[in-house]
Structure formats: structure tokens, C-alpha cells
Amino acid sequence: MLVLPRGVRHIPGHFDRVAQEALVEHIRDVVAKAPLYVPTMPRSGKPMSVRMTNCGALGWVTDRDRGYRYQPTHPVTGAPWPPIPEMLHELWREVSGYPHPPEACLVNFYTETARMGLHQDRDETDLAAPVVSVSLGDACLFRVGETTREGRTVSFRLESGDVVILGGEGRLCFHGVDRIYPSTSTLLKKGGRINLTLRRVTLPA
Ligand code: SIN
Ligand code: FE2
């Protein structure tokens, strides 16, 4: 059996097909107001293979000049991010074990060749809150390691409707997406994978 690092939880099939379809509709509304864009890496300006947008009071963005950060507005349109759909607030209340709402929901869109290198989520001030993520559409090979880059890693498949939680001792575990498995889901008409990542950014007042 696959042993995950402490604090890392995988909930296969948390959302059934009907709920997944509803979530996709909500994400379509988000993307209509806050279009997907191509983020670039700090310093090098190298484009990421994943396209991104956000909903929530704050959104995670990156570009060559200003690097990784949270901001209240879309970097291309300048508009405030649309609100986080209620279904995702519900998920957070169910699984986060954290008494305050999430502030950011990063929307990652993966085409069949996109991937995400091993990294930590550490741009948040409040690390007491977990990172809660939802997979929709094509399956992927997800990799998770320890809290150092050199640590042992394990990889496993994430399917549409799965939820992953990085909390407690697992909050700063390295993680990434090695590959997408094309045509493994019928949820998204044009294929690809959507990942939604809910995070608390600031310390509650
Ligand atoms: C991320 O770490 O931002 C994305 C993880 C995923 O796509 O499952
Ligand atoms: Fe991440």
C-alpha cells in the first residue's frame, strides 16, 4: 500500500459526477470574468505550461519582475477576482479543520502536455491552515515528497473528483504534477485537467 507523508490526505472520489459538473459550471463563470493567462517564472520570465486564474479575495500570481505573490486583482485585466463558489467554501468547512474561510482559490488548467515541477506552497502567512485541492477532468500523476527537496517522494494518480489535503506536518511538503493522462475523463468536453487549490493566506484578525 502507498504510504503518504504525515499530514497528506487523499480523498478519492470526494465529488461525484453531478457535483463535478456543477463545479465545472462554476469555474466556467469564474474564467468568463477572470480569463486564464500564462504565468511566468520569477527572474527568468519562462512561461509555465499551466494556465492560471483565481477566485477569492486574493489570487496567487507570478511574473518575471515581481515573482510569486498574492494580489487582489487579475494581472491582465486589473479587475478584482470573482468570489469563491459556495461549493468550495462547503468543501473547506468539511475537510480543512480550520475555523476561518479560505481567501484564495487558484485555478490551474493543464493541457495534455502541461506539468508542474516539484515545489512547496509557502507564500502564505498563515501556515496553520491546510491547502485543499480538487482535481477535475483528465487524471494526472501527482508526486508528493517531504518538507525538503531531497526527501523521498511517492507518486499516485489523481482522478476527477479527488481531493488532496496538505495540512499539519504535511503543509509544506514538496509536490508537483509529473504528467497528465489524456482522454481519461469525459468531464471536460475538450479534455485537459483543472486543479482548484484553496488556501488561507493571511492570519485572521
Ligand atoms: C499546485 O500545486 O498548484 C497544483 C497541484 C495539482 O495540480 O494537483
Ligand atoms: Fe502547489
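# A tour from strand E5 to the iron site

Select strand E5 to begin: seven of its seven residues are buried, so E5 is largely enclosed by the rest of the structure. Buried here means under 20% relative accessible area, exposed means over 50%, and partly exposed lies in between, with a 1.4 Å probe and protein chains only. Strands (E, at least two residues) and helices (H or I, at least four residues) are DSSP runs numbered from the N terminus.

What you have open is a predicted model, in which local features need pLDDT of at least 70 and side-chain atom pairs count only at pLDDT 80 or more, while totals for chains, interfaces and linings use all residues. Residues are numbered from 1 along each chain as its sequence is written, chains are lettered from A and ligands numbered from 1 in the order in which they are written, and side-chain values use heavy atoms, with hydrogens and water left out.

**Strand E5 and its sheet**

Show the side chains of E5 next. In a regular strand the side chains alternate between the two faces of the sheet. In E5, Ala-104, Leu-106, Asn-108 and Tyr-110 point one way, whereas Cys-105, Val-107 and Phe-109 point the other way, and all of them are buried.

Now widen the selection to the open sheet of six strands, which has the order E1-E10-E7-E12-E5-E2 and antiparallel pairing; two strands pair if DSSP finds at least two bridges between them. Strand E1 (8–11) and strand E2 (51–56) stand at the edges with a single partner strand each, so one side of each has no neighbour in the sheet. From one strand to the next the twist averages 20°, where axes are lines fitted to C-alpha atoms (for helices over the stretch in contact) and angles run from 0 to 180 degrees between N-to-C directions.

Which strands flank E5 in the sheet order? They are E12 and E2. Strand E5 (residues 104–110) is joined to strand E12 (residues 193–199) by seven bridges, the two running antiparallel, and in this pairing Phe-109 has Ile-194 of E12 as its bridge partner. Toward E2, six bridges join the antiparallel strands E2 and E5. Leu-106 is a useful residue to centre on, as it is the bridge partner of Asn-54 in the pairing of E2 with E5 and also stands opposite Thr-197 in E12.

**Ligand 1**

Move on to ligand 1 and select the residues around it, which are Asn-108, Tyr-110, Met-116, His-119, Phe-142, His-175, Val-177, Arg-193 and Asn-195; a residue counts as near if one of its heavy atoms lies within 4 Å of the molecule. How far is a polar side-chain atom of Arg-193 from an oxygen atom of ligand 1? The distance is 2.8 Å, within the limit for a polar contact, which is a pair of N or O atoms within 3.5 Å; within protein, one must be able to donate a hydrogen and the other to accept it, and residues adjacent in sequence count only if both atoms are side-chain atoms. The side chain of His-175 has an N or O atom 3.0 Å from an oxygen atom of the ligand, and for the side chain of Asn-108 the corresponding distance is 3.3 Å.

**The iron ion**

His-119 and His-175, both listed around ligand 1, lead to the iron ion (ligand 2), whose protein donors are His-119 (NE2), Asp-121 (OD) and His-175 (NE2), at 2.1 to 2.2 Å. Donors are N, O and S atoms within 2.8 Å of the metal (3.2 Å for Na, K and Ca), and sites may look incomplete because water is not among the atoms. Along the chain the donors follow the spacing H-x1-D-x53-H. Asp-121, in the loop between strand E6 (116–119) and strand E7 (131–137), and His-175, in strand E11 (residues 175–181), are 54 residues apart and link distant parts of the chain. Both are buried, Asp-121 with a relative accessible area of 6% and His-175 at 8%.

The four donor atoms make angles of 90 to 176°, and the site is irregular. Four donors would count as tetrahedral if all angles lay between 85 and 135 degrees; four count as square planar and six as octahedral if opposite donors are over 155 degrees apart and all others between 65 and 115, and anything else is irregular.

**The second sheet**

Finally, select the open sheet of four strands, E6-E11-E8-E9, again with antiparallel pairing. E6 and strand E9 (154–158) are at its edges, and the twist averages 25° from one strand to the next. Strand E8 (residues 139–144) runs antiparallel to E11 and is joined to it by six bridges, with Ala-139 partnered by Tyr-181 of E11.
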